[in-house]
Amino acid sequence: MNLVINGKETNIIDGLTVNQLLAQENVQMPDMVSVELNGQILKRTKFDQTVLKDDDKVEFLYFMGGGKCL
Amino acid sequence: MSLTEKQIERYSRHIILEQVGGAGQEKLLSSKVLIIGAGGLGAPAGLYLAAAGVGTIGIVDSDKVDLTNLQRQIIHHTSDVGVEKIKSAENKMRAINPDITVQTYQTRVNAKNISDIIRKYDFVIDGTDNFPAKFLINDACYFEKIPFSHAGILRFHGQLITVLPGETTCYRCIFSAPPPANAVPSCSQAGVLGVLAGVIGSLQATEAIKYLLGLGKLLTGTLLTYDALEMNFRAVKLNRNPNCPLCGEKPQITKLKDEEQAVCDLKDCKC
């Protein structure tokens, strides 16, 4: 099936959960990623049970620090 | 307030803009912006806001300039190494534009002091690195209803979002709580391309000026991400999160608290 991951069309096997997708996309540190699925932020506790569907739009959002340590 | 002849000359490229004009410039001169962190993001933001004639600029930082800062924190010069960052930043901003007032706060923001500091300002720029400070700024701006620009940078990537508290998507709508200890590398551990701070900090200053003048469309409900290697900007639409612990339907956070410092726990961290 086709997903749009961070704006890019990607073909993946059917039936993957969000957690499995994170693993497949080689997201090294899933704890530092928020996931938006079709415009809504997905609760972390639901990563395991949420099965992706054809044409889903997924955004991986990363924690990023910045200018300086206060 | 009416502009002097010198001011009309200094700000002529603003004044000539139909959307700014003399009235807009006067508005900037009577506006107050707070920059939290005189580092990579705060440096270009401070310089541009000073040049733009934002009348009062507050700057919060507790550190001294370190040699490792100079690769990206362009408000500090080699001769400033060892000098308080707020002092160094104040000197540069005043040198660019003696019209402005610079308020300095030699401190770190915490749950006790942040509300009193931000309350005096029209807009806040988050130029901090560590996540407890980013969450604290988000929460304090929510309780005080002060708009702010959040930003982060790491390696070759940057991102930012503007938040109108209570109206648009906040930082906790996206990330409900700081990441676990050592889950996210800091700039000192992972590195950052210096110029990235200039790009993102300048965008934060742009948002501040747009907000103050009521111009255009703010970067609200949208996280702008920048990939310097691909030279690609993406605007990721992010709706408000009904489960947000701060501004959601059932808020669990009702007062400020200091989050645990989970990331920069290296003893010699010099982000």
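Axes here are lines fitted to C-alpha atoms, for helices over the stretch in contact. Keep that in mind for the helix pair below, and remember that everything shown comes from a predicted model.

**Figure 1. Helix 4 meets helix 10 in chain B.** Here is a pair of packed helices from the predicted model: helix 4 covers residues 42–52 of chain B, and helix 10 covers residues 194–213 of chain B. Their axes sit 7 Å apart and make an angle of about 40 degrees. Angles under 35 degrees count as roughly parallel and those from 65 to 115 as roughly perpendicular, so helix 4 of chain B and helix 10 of chain B are oblique to each other. The crossing of helix 4 of chain B with helix 10 of chain B is right-handed.

**Figure 2. Who touches whom between helix 4 and helix 10 of chain B.** On the helix 4 side, look for B:Gly42, B:Ala43, B:Pro44, B:Ala45, B:Tyr48, B:Leu49 and B:Ala52. Facing them from helix 10 of chain B are B:Ala197, B:Gly198, B:Gly201, B:Ser202, B:Gln204, B:Ala205, B:Ala208 and B:Ile209. Sort the residues of this contact by type and you get 10 nonpolar, five polar and no charged.

**Figure 3. B:Leu212, a buried residue in helix 10 of chain B.** Staying with helix 10 of chain B, this view picks out B:Leu212. It takes 20 or more other C-beta atoms within 10 Å to call a residue buried; B:Leu212 has 21, so it makes the cut. Setting aside neighbours within four places in sequence, B:Leu212 is in contact with B:Lys27, B:Leu28, B:Ser31, B:Asp122 and B:Phe123. Now find B:Leu229: it is 17 residues from B:Leu212 in sequence, and their C-alpha atoms are 32 Å apart in space.

**Figure 4. A:Met64 of chain A reaches residues of chain B.** A:Met64 comes in the segment after strand 5 (57–62) of chain A. With 24 C-beta neighbours inside 10 Å, A:Met64 counts as buried. Leaving out residues up to four places away in sequence, A:Met64 touches B:Gly152, B:Ile153, B:Leu154, B:His157 and B:Gln159. Back in chain A, A:Lys53 is 11 residues away from A:Met64 along the chain, with 29 Å between the two C-alpha atoms.

**Figure 5. Positive phi at A:Asn38 and at B:Arg155.** Neither residue is a glycine, yet A:Asn38 has a positive phi near 50 degrees, and B:Arg155 has a positive phi of about 50 degrees. A:Asn38 sits in the loop between strand 3 (33–37) and strand 4 (40–41) of chain A. B:Arg155 sits in the loop between strand 5 (148–154) and strand 6 (157–163) of chain B. As for surroundings, A:Asn38 is exposed, with 12 other C-beta atoms within 10 Å, while B:Arg155 counts as partly exposed, with 16 C-beta neighbours inside 10 Å.

**Figure 6. Chain B, for context.** Chain B has 10 helices and eight strands. Its radius of gyration is 18 Å, close to the 18 Å from the globule rule for 271 residues, so chain B is as compact as a globular protein of that length. Along the principal axes, the C-alpha atoms of chain B fill a box of roughly 55 × 45 × 40 Å. Buried residues account for 47% of the 271 in chain B. Take the contacts in chain B between residues at least 6 apart in sequence: 69% of them join residues at least 24 apart.

Note on methods
Residues are numbered from 1 along each chain as its sequence is written. Chains are lettered from A and ligands numbered from 1 in the order in which they are written. This is a predicted model: local features need pLDDT of at least 70, side-chain atom pairs count only at pLDDT 80 or more; totals for chains, interfaces and linings use all residues. Axes are lines fitted to C-alpha atoms, for helices over the stretch in contact, and angles run from 0 to 180 degrees between N-to-C directions. Helices (H or I, at least four residues) and strands (E, at least two) are DSSP runs, numbered from the N terminus. Angles under 35 degrees count as roughly parallel, over 145 as roughly antiparallel, 65 to 115 as roughly perpendicular and the rest as oblique. A crossing is left-handed if the near helix is turned anticlockwise from the far one by less than a right angle, and right-handed if clockwise. Two residues are in contact if their C-beta atoms, placed from the backbone, lie within 7 Å. Ala, Val, Leu, Ile, Met, Phe, Trp, Tyr, Cys and Pro count as nonpolar, Asp, Glu, Lys and Arg as charged, and the others, Gly among them, as polar. The radius of gyration is taken over C-alpha atoms; the globule rule is 2.2 Å times the number of residues to the power 0.38.
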